[in-house]
Amino acid sequence: MPESAGGTTDRSGGGLTGRSNGRSNSRTWRTPLRLAIRFGLPLVGAFVIGRAVVASIGGNIERGHFALGILLIALGFASRIVSGR
């Protein structure tokens, strides 16, 4: 139906509710999650490695903590490689 024929067209895709097609709603909760994964994992990894370094100075060397810290940092950097839609 042409726009001049008296019909109203809603180009937002949300119909009568006024909402968009759900993409912006899913982006609102994914953005903080994506940022937490991107920046939080390397920070936690650095913290775990820092604690392991401090503990190793006292003679308590735990290789598992070093490995966990490196894994968290690697996961944080790997999340940057994956592209979002």
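A helix here is a DSSP run of H or I at least four residues long, and helices are numbered from the N terminus. Keep that in mind as you click around; what you have open is a predicted model.

**Whole chain.** Start with everything selected. You should find 2 helices and 0 strands. Of the chain's 85 residues, 9% count as buried. Turn on the surface if you like: the accessible area comes to about 6900 Å², and carbon and sulfur atoms own 63% of that. For contacts with a separation of 6 or more, residues 24 or more positions apart account for 52%.

**Helix α1.** Now select residues 23-57, which is α1, and pick out W29 within that helix. Is W29 buried or exposed? Its relative accessible area is 53%, and the cut-off for exposed is over 50%, so W29 counts as exposed. Add L33 and I37 to the selection: together with W29 they make a nonpolar surface patch, with about 310 Å² of accessible area between them. As for the spacing, an α-helix has 3.6 residues a turn, so residues three or four places apart point the same way.

**Helix α2.** Next, jump to residues 63-81. This helix, α2, has 19 residues and runs 27 Å from first C-alpha to last, close to the 27 Å expected at 1.5 Å a residue. Which residues of α2 are buried? Select G69, L72 and G76. Look down the axis of α2 and those buried residues sit within an arc of 60°, so they line one face of the helix. Then spin round to the other side of α2, where R63, G64, I70 and I81 are exposed.

Conventions: Residues are numbered from 1 along each chain as its sequence is written. This is a predicted model: local features need pLDDT of at least 70, side-chain atom pairs count only at pLDDT 80 or more; totals for chains, interfaces and linings use all residues. Side-chain values use heavy atoms; hydrogens and water are left out. Patches are made of residues with over 30% relative accessible area and no salt bridge: like charges are joined within 9 Å, nonpolar side chains (Val, Leu, Ile, Met, Phe, Trp, Tyr) within 5 Å. Accessible areas come from the Shrake-Rupley method with a 1.4 Å probe; for residues, only the protein chains shown count as cover. A salt bridge is a side-chain nitrogen of Lys or Arg within 4 Å of a carboxyl oxygen of Asp or Glu. Buried means under 20% relative accessible area, exposed over 50%, partly exposed in between (1.4 Å probe, protein chains only). Contact means heavy atoms within 4.5 Å. The expected span of a helix is 1.5 Å times one less than its number of residues. The arc is that of the directions from the helix axis to the C-beta atoms.
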